[in-house]
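Ready for some practice at reading a protein model? Work through the exercises below, with the picture beside you.

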Amino acid sequence: MLGFLKKFLPSKKTQSLSERDLNGRNNVGYPTMQLSREIDSLVKSKYSAAKHIINLYKDTLFFKWGPSVFNNKLSDEQLASLSGRNVQMVYLLLFRDMLRHIASFAKFKHFADDWPEQFAQELLDNCKMLSDSDDVDIAKKQDLFASTELYTVDNPIDPKHPETTEIPDWTVPLAELVMLKSDMIYHCHRPLMAAILKKSNKLK
């Protein structure tokens with residue numbers, strides 16, 4: 001399924017997709033591309049000073065690690081029932097947390113103090129993530145989006161024994177939204193944040 005993000009893009013070749021790839025395209029691919037486009041638009045118009053770090057996080061999570069996890073961990077039935085709005089929300093919450101982390105140690109000229117919150121709110125509104133009347137998870141997502149918690153990423157991951165990593169509680173509700181185990185959320189977010197935090201001096 002790593003290729004499904006490319007399969008639905010305009011192509012001179014008409015490709016026949018399997019049912020799994022169609023579900024991946026519709027429930028992961030399209031929602032991901034919409035969110036990515038909105039991020040790119042806001043970066044271009046308002047947040048170009050943080051472009052490098054934003055693209056590092058977004059491109060890795062949205063188009064490499066995220067698709068790999070969904071493909072490897074979800075059954076055909078789970079992928080078919082996966083909510084694209086939930087995928088967007090989980091990506092947005094992780095993305096916002098990254099912004100909150102970098103805002104805590106780097107000041108960007110002309111950025112408002114609460115720019116991570118403004119950025120996330122515009123993404124939420126532009127993608128209309130909480131607008132579906134039949135969305136059974138709206139209340140849960142509203143609560144998650146309203147949270148001001150900064151996700152802890154202090155627990156190191158032992159690459160030789162990843163199963164021994166202590167997984168923080170904040171991962172649980174996010175994982176539930178997309179039918180994953182909580183360690184998968186942490187194993188995607190924590191390494192990226194560790195790499196980004198090392199680049200803190202370049203953002204000052």
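Contact here means heavy atoms within 4.5 Å. This is a predicted model, where local features need pLDDT of at least 70, side-chain atom pairs count only at pLDDT 80 or more, and totals for chains, interfaces and linings use all residues. Residues are numbered from 1 along each chain as its sequence is written, and side-chain values use heavy atoms, with hydrogens and water left out.

**Exercise 1.** Work out how the contacts of the protein spread along its sequence.

Step one: take the contacts between residues at least 6 apart in sequence. Step two: of these, 73% join residues at least 24 apart.

**Exercise 2.** Check the span of helix α9 against its expected value.

Helices are DSSP runs of H or I, at least four residues, numbered from the N terminus. The expected span is 1.5 Å times one less than the number of residues. Helix α9 (residues 182-198) has 17 residues, so it should span 24 Å. Its end C-alpha atoms sit 25 Å apart, which agrees.

**Exercise 3.** Find where Asp135 sits and what it touches.

Start with the place: Asp135 is in the loop between α6 (115-127) and α7 (138-146). Next, burial: Asp135 has a relative accessible area of 14%, and buried means under 20% (1.4 Å probe, protein chains only), so Asp135 is buried. Now the neighbours: leaving out residues up to four places away in sequence, Asp135 touches Arg85, Asn86, Met129 and Lys141. With Lys141, the Asp135 side chain makes a side-chain polar contact at 2.6 Å. That term covers a pair of N or O atoms within 3.5 Å; within protein, one must be able to donate a hydrogen and the other to accept it, and residues adjacent in sequence count only if both atoms are side-chain atoms.

**Exercise 4.** Count the helices and strands.

The tally is 10 helices and zero strands.

Key: Helices (H or I, at least four residues) and strands (E, at least two) are DSSP runs, numbered from the N terminus. Buried means under 20% relative accessible area, exposed over 50%, partly exposed in between (1.4 Å probe, protein chains only).
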